[in-house]
Every structure is written in C-alpha cells, then in structure tokens.
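Here is a quick tour of a predicted model, going from the overall picture to a few local details. Have the sequence and the coordinates open while you read.

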Amino acid sequence: MIEETQLNMMNPFIPRTHEGEGESDPASEKPASPSAALTRAQEVEKSLRKRFHKEIFSKFAKAINEYQLVQENDRIAVCISGGKDSMLMAKLFQELKRHNKFPFEVEYLVMDPGYNAINRQTIEDNARMLEVPVTIFESDIFESVYDIEKSPCYLCARMRRGHLYSNARKLGCNKIALGHHYDDVIETILMGMLYGGQVQTMMPKLHSTNFEGMELIRPLYLVREADIKHWRDYNRLHFIQCACRFTENNTTCAPDGSSDSKRMEIKQLIARLKETNPFVESNIFRSVENVNLSTIIAYKEHGARHHFLDTY
C-alpha cells in the first residue's frame, strides 16, 4: 500500500507542503476571520492549501491522477450550479492550474435554467467574491419541465446536461466537469440496488453519447461531503441549495438537512449502518471495484445480456 506521503510525492497535481502544513487540531480550530492582507477569495484559497489540503485538495488531485480525468491540452468546462460542491470544484481547478505540470485550459460555465432573482444574484455574488470568472448562459428548462408529472427530475437533469455539453462545445471544450462527490457515489450504488433492482455506480468519467468527442468527468469523486460542508462553514460561505424551481424558495440547505427524497432516505440509512459498522461507506464504494462475474447470475455489457448458464 502506498503511504499518503509517498502518494503526494508521486502525484504531479499535489503541491509539496512544508512539514505540518495542512494539519490542524480540531479542538483548537477557529472559523476563518477576515484579514486586512487577504481578499475573501485569497482566504478561501489559503484554506485549501493548508487547513483542507489533506481532506479536500489531495483527494481531488488523487481522483484526477487515478482516473486520468485531466490530460494534456484538455479544455474543461467546470459546470457551476451555484451550490457548495460546484463552487468548491471551481476553486480547486483554479488551484490546480497554479500547479499543473502540463498545459490545459479551464472555462467556468454557469447555466441559468430559470432561477429566481435571489438565486441568480447569489451565484453571481459568490462568483465575484471568490474571483471565479464565470460565463453565464440562459435556458428555459425549468419552464419546460414544470408541468411534467412523470419523472420531471430525470428529464430536467438530461436537458441540463445536454445544454451544458452544447455550450461547453461552443467554448471549445472537450470535457465538462460536474461536482458529484464520494457520498453521491455510494448513495447511487445503494439506490440502484434498493430502488432500481440493479448493480451500478456513478462513473468517474464517461464518453458523451450525443456529443461526439466530448467527455464528462467528476473530479470530486473521492471527496467526502462532510469535508465540503466543513470547508464551506469554516470560510463562512453561503450557497444556494438547489437549482430546482420546486425548492428554489430555500436558498440554503435546512439545518437538519431534511428532505423527502429517496436519496435522503439512503443517506440516513447509511448513517444508521455506520453506527454499528464504521467501514460501511468504504465497503459500499469498494463493492463495485470488486465485482466477481463468476458469482453473478446475469450482467449486461454494451446493451447485451449475459447469463451464467451461457458458459456453464
């Protein structure tokens, strides 16, 4: 097994730090406070280099390295919804650009699918404060799916992704980056099993089926949601909760994180399981890395179904 320090030395995306840098005593930690010498954006950037280097930046860089998400001469559209995950991802890409070992370019892309005025202003204010140079384009997706009764969320997600691909291509990009994190991955695995009757996962990268030559990447794949929330609160940041018209009246998550969604049910289930098994999250994550096809009744590959009796 490669030790953390060895990994950092091997990974070209992880900047070297001085001894003790990035470590903190949780008992003595205090929230970030304004500094006369630093802008708000610089304070946030400093927190990623020091306080959250191990928990966030190193895992971000590890995912990029392990899954080969960023390659030479890529032009990546970092897609920003205005929530904590995508805004963190934007800052991480800015930090990555300061340490990259080969040339690649980044665009910061915001789609307004029909936000209310408060949410739109919150996104613009945060981008300005965090010094993220966003390109904003508008669509009427919320209006299009608002009266759809069957699977409006699925349709909205598909339409939003299509618009992102299309506008990213107009900017000369060959990849779009989305802000899904580690917890999204393990929740998706369980949701597929318990509600979909299938074993699948959220992949770290995908080829687009409708936009030839383009890919989707998920650089926060190994970053924990709790660490993202800690980063947000440590820096006193305020983001919108969701891009959905059905919930847009709430500009931030409820303090207890309450929701009626199936994903929240799975999140709560995992939390209960963790009370008796501290390794349950990592075991769920690794389960799709250790699939033994000789013990599977049937599986699908490229649309074709294979049954164990075919070769029994």
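Let's start with a definition: a residue is called buried when its relative accessible area is under 20%, exposed when that area is over 50%, and partly exposed in between, using a 1.4 Å probe and protein chains only. By that yardstick Val199 is exposed, with a relative accessible area of 64%. Val199 sits in the loop between α8 (182–196) and β5 (205–207). Although Val199 and Val291 are 92 residues apart in sequence, their C-alpha atoms are 9.8 Å apart in space.

Some ground rules. This is a predicted model, where local features need pLDDT of at least 70, side-chain atom pairs count only at pLDDT 80 or more, and totals for chains, interfaces and linings use all residues. Numbering runs from 1 along each chain as its sequence is written, and side-chain values use heavy atoms, with hydrogens and water left out.

**The overall picture**

How many helices and strands does the protein have? There are 11 helices and eight strands, where helices (H or I, at least four residues) and strands (E, at least two) are DSSP runs numbered from the N terminus. Of the 312 residues in the protein, 41% are buried. Contact here means heavy atoms within 4.5 Å. Among the contacts with a separation of 6 or more, 75% come from residues 24 or more positions apart.

As for confidence, pLDDT is the predictor's own score for each residue, from 0 to 100. The protein has a mean pLDDT of 85, with 79% of its residues at 70 or more. Residues 1–10 have pLDDT below 50, and this stretch makes eight contacts in the model beyond near neighbours in sequence. Residues 15–28 also stay under 50 in pLDDT, and the model has 15 contacts for them beyond four places in sequence.

**Helices against helices**

Two packed helices are described by the angle between their axes and the distance between the axes. Axes are lines fitted to C-alpha atoms, for helices over the stretch in contact, and angles run from 0 to 180 degrees between N-to-C directions.

Take helix α2 (residues 40–49) and helix α4 (residues 84–99): their axes come within 11 Å and cross at roughly 75 degrees. That makes α2 roughly perpendicular to α4, since angles under 35 degrees count as roughly parallel, over 145 as roughly antiparallel, 65 to 115 as roughly perpendicular and the rest as oblique. On the α2 side the contact uses Ala41, Val44, Glu45, Leu48 and Arg49, and on the α4 side Leu88, Lys91, Leu92, Gln94, Glu95 and Arg98. By type, the residues of this α2–α4 contact are five nonpolar, one polar and five charged. For that split, Ala, Val, Leu, Ile, Met, Phe, Trp, Tyr, Cys and Pro count as nonpolar, Asp, Glu, Lys and Arg as charged, and the others, Gly among them, as polar.

Further along, the axes of helix α10 (residues 262–276) and helix α11 (residues 280–287) come within 8 Å and cross at roughly 115 degrees. Here Ile270, Leu273 and Lys274 of α10 meet Val280, Glu281 and Ile284 of α11. The residues of the α10–α11 contact divide into four nonpolar, no polar and two charged.

**Around α3, and two positive phi values**

Helix α3 (residues 53–66) has several buried residues, including Phe57, Phe60 and Ile64. After α3 comes Gln68, whose phi is positive. The table sets Gln68 beside Glu131, another non-glycine residue with a positive phi.

| Residue | Phi | Loop | Relative accessibility |
|---|---|---|---|
| Gln68 | near 55 degrees | between α3 and β1 (75–80) | 47%, partly exposed |
| Glu131 | about 60 degrees | between α5 (117–129) and β3 (134–138) | 44%, partly exposed |

**Cysteines and a buried arginine**

Are there disulfides, and how many? A search of the whole structure finds zero, a disulfide being a pair of cysteine sulfur atoms within 2.5 Å. Cys79 is in no disulfide, and the sulfur of Cys173 is 8.4 Å from that of Cys79, its closest cysteine sulfur, too far for a bond. Cys79 is buried at 6% relative accessibility, and Cys173 is buried at 6%.

Is Arg232, in helix α9 (residues 225–234), buried or exposed? Arg232 counts as buried, at 18% relative accessibility. Beyond its neighbours within four places in sequence, Arg232 is in contact with Lys84, Leu237 and Phe239.
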